[in-house]
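Colleague: Got a few minutes to walk me through a model? I'd like to get a feel for it before class.

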2 protein chains.
Amino acid sequence: MRDVAIIGVGMTHFGELWSQSIRDMFSEAALKAMDDAGVEKIDSLYVGCMSSGLYTNQEHLGSVMADYMGQRGIPAMRVESACASGGMAVRAAFMEVASGQSDIVMAGGVEKMWDADDGSAILATASDQEYEAFTGVTFPGLYAMMAHAYMHKYGLTREELAMPPVFNHRHAINNPNAQYPYELTVKGVLSSSMVADPLRLMDCSPITDGAAAVILCSMDKAKQICKNPIRIKGIGSATGPIALHNHNDLTRLDAVRLAGERAYKMAGATPSDISLCEVHDCFSIAQIIVAEELGFFEYGKGGKAIANGEATYGGKVVINTSGGLKAKGHPVGATGVAQLIEVVEQLQGRAGKRQVENIKLGMTQNMGGSGGSSVVHILEAI
Amino acid sequence: MRDVAIIGVGMTHFGELWSQSIRDMFSEAALKAMDDAGVEKIDSLYVGCMSSGLYTNQEHLGSVMADYMGQRGIPAMRVESACASGGMAVRAAFMEVASGQSDIVMAGGVEKMWDADDGSAILATASDQEYEAFTGVTFPGLYAMMAHAYMHKYGLTREELAMPPVFNHRHAINNPNAQYPYELTVKGVLSSSMVADPLRLMDCSPITDGAAAVILCSMDKAKQICKNPIRIKGIGSATGPIALHNHNDLTRLDAVRLAGERAYKMAGATPSDISLCEVHDCFSIAQIIVAEELGFFEYGKGGKAIANGEATYGGKVVINTSGGLKAKGHPVGATGVAQLIEVVEQLQGRAGKRQVENIKLGMTQNMGGSGGSSVVHILEAI
């Protein structure tokens, strides 16, 4: 299997992009990534997107995007794994380069969410339609059950649960692409509208328009054309139960643990090698459980550790320097790719005021549904 | 790049499967394929599906299907390229095996179409939403323009245009999985309801529920566990214009030509090496143009050649022994995979009354939209 590197990245601003269609957004990110890599032609394209059919009445995004970005003729396909679509698009692109079939492959992600008027129902198609969505449960509802179970089992307080969003917003202030780059306090979280008890509005990632793209390249070629290629050292991916009621324990996300274990094994790394990690904080409770499943904290101790500052600058591991899904924004199909962009920029030393010093390895963790799927990447500067 | 083989196949009946949900159908096909291959565990899963969100309100099919077929934990993703989703799922699975990442990977496809009441609008999401679908044009309308252009340019008669469906139905009579296994005459085509002039109902592939799955395996391992592995000798994939008005010539499908050229090059083969081919006859005119783009007939001569019997048993190449999309049925996400199943069974000599003798190489051609994407596979018995 050939070594694979990332040689270019590009993304749109994340937010309410009323003036851009889904193809406008994707093309902007794609062309920025190609400029960044210094390439004018790609061999193949993977587009991560959860639900463009329901959001915009446009499927067939591989063809649409290859055409509109000026690369008509190349192979192209869309990849979907709910909110993990972006990360899985990168995994699929990795396979094509690793196999030797292609040298330069783009993996991008996009979601146009603000145009739809039934966003919760669309997002619910990532859950078990027959046993969950059909009964009326929404994603905040599913994660609320996980939050209650965790708080009960481990004694996490409501104030501690508010801390992942607080840190994510603090980090986002330094991210020019973030949707909500403002300070958030615990009081701000606790006084926001109730969505699904105990989760309030400021526990939940927002509705976001946006796109992101990275260019993958065989390492041999990358060393010729790029001065700072970033190696994809490990990839792990896994599925879990599509329905929350099939979890053995509501406070665990087995797919995240499995994906992490597989990525660590491929990379020959352990949690202590990870300097920074972008995690899938779709809800405040998700960030806590994910940080535990990835091995950064023991089960039941992640919530208090994060509240105590062990996952921000100077802590054990810096989580979500970008602001995470909560503050950077969460255009679901783009999120997994944008996570990689943050880690690439950190490893290349161009993260500006967000820069983490002395990075050993960087990691991303992207998730679909209530743990129905997850994908983890481990990156290294060479 | 490692050699890759198909070691097992399975599919549902194609038709109106009112008693089966989308997950029931996929699981049936998947478990049949695993039985056929003699494996109880797969390493990874790709699910081709065009529009499960719009048809069934269920996205996240990788997780759903891995879970319901009893393989929870494996990596899984959905692949979408409109009606070429199935073929592209096989391409993605091929890359994972070829790269060395996994040994045994399932590529399947599924579509549950009969439950929706706005099928034409859903299918139109495979066209250019902003410039085509939004104006009200449907897929029969797009292909009708191609048919008119071809008939005008090359003098094809309405009776000749009816012949691909006539032959496809004749072949389907021997296919126990076909949706419409009955004889169809030219008169039957010409007296069917007008859909979009000149295309009548019997020029159009039907609405179909169904699923199909194949198991890919590294050739080294395949030779140990399978007595008749089928080598994937060539794969070619390409995009074309998403919108019909961007075609340079309405009688051409550039993505099909490009995909064919790439597959022939990879396989070291030419059109004369192909004994049988499953083509994407979504409409009668499509079968004619595709047969020309794949090099079986000269431009403008495919329609008359097919009408003269040059693409049935005893002809230059046997096209659509399965009955094709028209008579076997066209559950869009499953179609590309079902095409491979037909060719695998032919190459293994287990196609029953449909058997073609003395096969050199077999081919499949799967297409999305009005030529927005296409993927071609060339298969060989070893």
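Modeller: Sure, let's start with a single chain and then see how the two chains meet. Keep in mind that this is a predicted model.

Colleague: Okay, how many helices and strands does chain A have?

Modeller: Chain A has 15 helices and 12 strands.

Colleague: And what size of box does chain A fill?

Modeller: Along its principal axes, the C-alpha atoms of chain A take up a box of roughly 55 × 45 × 35 Å. The radius of gyration of chain A is 19 Å, which agrees with the value near 21 Å for a compact globule of 382 residues.

Colleague: What share of the residues of chain A is buried?

Modeller: In chain A, 67% of the 382 residues count as buried. Also, take the contacts in chain A between residues at least 6 apart in sequence: 77% of those join residues at least 24 apart.

Colleague: Which domains is chain A divided into?

Modeller: There are two entries: domain 1 covers 4–117 + 208–230, and domain 2 covers 137–204 + 233–381. Their C-alpha centres are 23 Å apart in chain A.

Colleague: How many residues does each domain of chain A put into the contact?

Modeller: Domain 1 of chain A gives 36 residues and domain 2 of chain A gives 36 residues. On the domain 1 side, strand 1 (4–11), helix 4, strand 4 (104–111) and strand 7 (210–218) of chain A each supply at least two residues. Helix 4 of chain A has the largest share of that side, with 8 residues.

Colleague: What kinds of residues make up that side of domain 1 of chain A?

Modeller: The side of domain 1 that touches domain 2 in chain A has 21 nonpolar, 12 polar and 3 charged residues.

Colleague: You mentioned strand 7 of chain A. How many of its residues are buried?

Modeller: For strand 7 of chain A, 9 of its 9 residues are buried. In a regular strand, side chains alternate between the two faces of the sheet. Here G210(A), A212(A), V214(A), L216(A) and S218(A) point one way, while A211(A), A213(A), I215(A) and C217(A) point the other way, and all are buried.

Colleague: Which strand pairs with strand 7 of chain A over 7 bridges?

Modeller: That's strand 1 of chain A, and the pairing is antiparallel. To find it on screen, look for V9(A), which stands opposite V214(A) in strand 7 of chain A. Strand 4 of chain A also runs antiparallel to strand 7 of chain A, joined to it by 8 bridges. There, I104(A) has C217(A) in strand 7 of chain A as its bridge partner.

Colleague: Now strand 8 of chain A. Why is it described as largely enclosed?

Modeller: Because 9 of the 10 residues of strand 8 of chain A are buried, this strand is largely enclosed by the rest of the structure. Strand 8 of chain A is joined to strand 1 of chain A by 2 bridges, in the antiparallel sense, and I6(A) has I230(A) in strand 8 as its bridge partner. Strand 8 of chain A also pairs antiparallel with strand 12 (residues 373–381) of chain A, over 9 bridges. In that pairing, G234(A) stands opposite I378(A).

Colleague: Switching topic: how many residues of each chain are in the contact between chain A and chain B?

Modeller: Chain A gives 51 residues and chain B gives 51 residues. On the chain A side, helix 2 (52–56), helix 3 (61–68), strand 3 (76–80), helix 4 (85–99) and strand 8 (230–239) each give two or more residues. The largest share of that side is 6 residues, from helix 4 of chain A. By class, the chain A side has 21 nonpolar, 23 polar and 7 charged residues.

Colleague: What about strands across the two chains?

Modeller: Strand 3 of chain A and strand 3 (residues 76–80) of chain B run antiparallel and are joined by 3 bridges. One pair to look for is R78(A) with its bridge partner E80(B).

Colleague: What turn lays chain A on chain B?

Modeller: A turn of 180 degrees with a shift of 0.0 Å along the axis does it, with an RMSD of 0.0 Å. The two copies are thus related as by a two-fold rotation axis. In chain A, S99(A) has the C-alpha nearest the axis, 1.8 Å from it. And 100% of the interface residues of chain A are also interface residues in chain B, so the copies meet through the same surface.

Notes:
Residues numbered from 1 in each chain as written. Chains lettered and ligands numbered in written order. Predicted model: local features only at pLDDT ≥ 70, side-chain atom pairs only at ≥ 80, totals over all residues. Contact = placed C-beta atoms within 7 Å. Helix = DSSP H or I, 4+ residues; strand = E, 2+ residues; numbered from the N terminus. Nonpolar A, V, L, I, M, F, W, Y, C, P; charged D, E, K, R; others polar. Pairing = 2+ DSSP bridges. Least-squares fit on C-alpha atoms with pLDDT ≥ 70 in both. Domains from an automatic or database assignment. Rg over C-alpha atoms; globule rule 2.2 N^0.38 Å. Buried ≥ 20, exposed ≤ 12 C-beta atoms within 10 Å, placed from the backbone.
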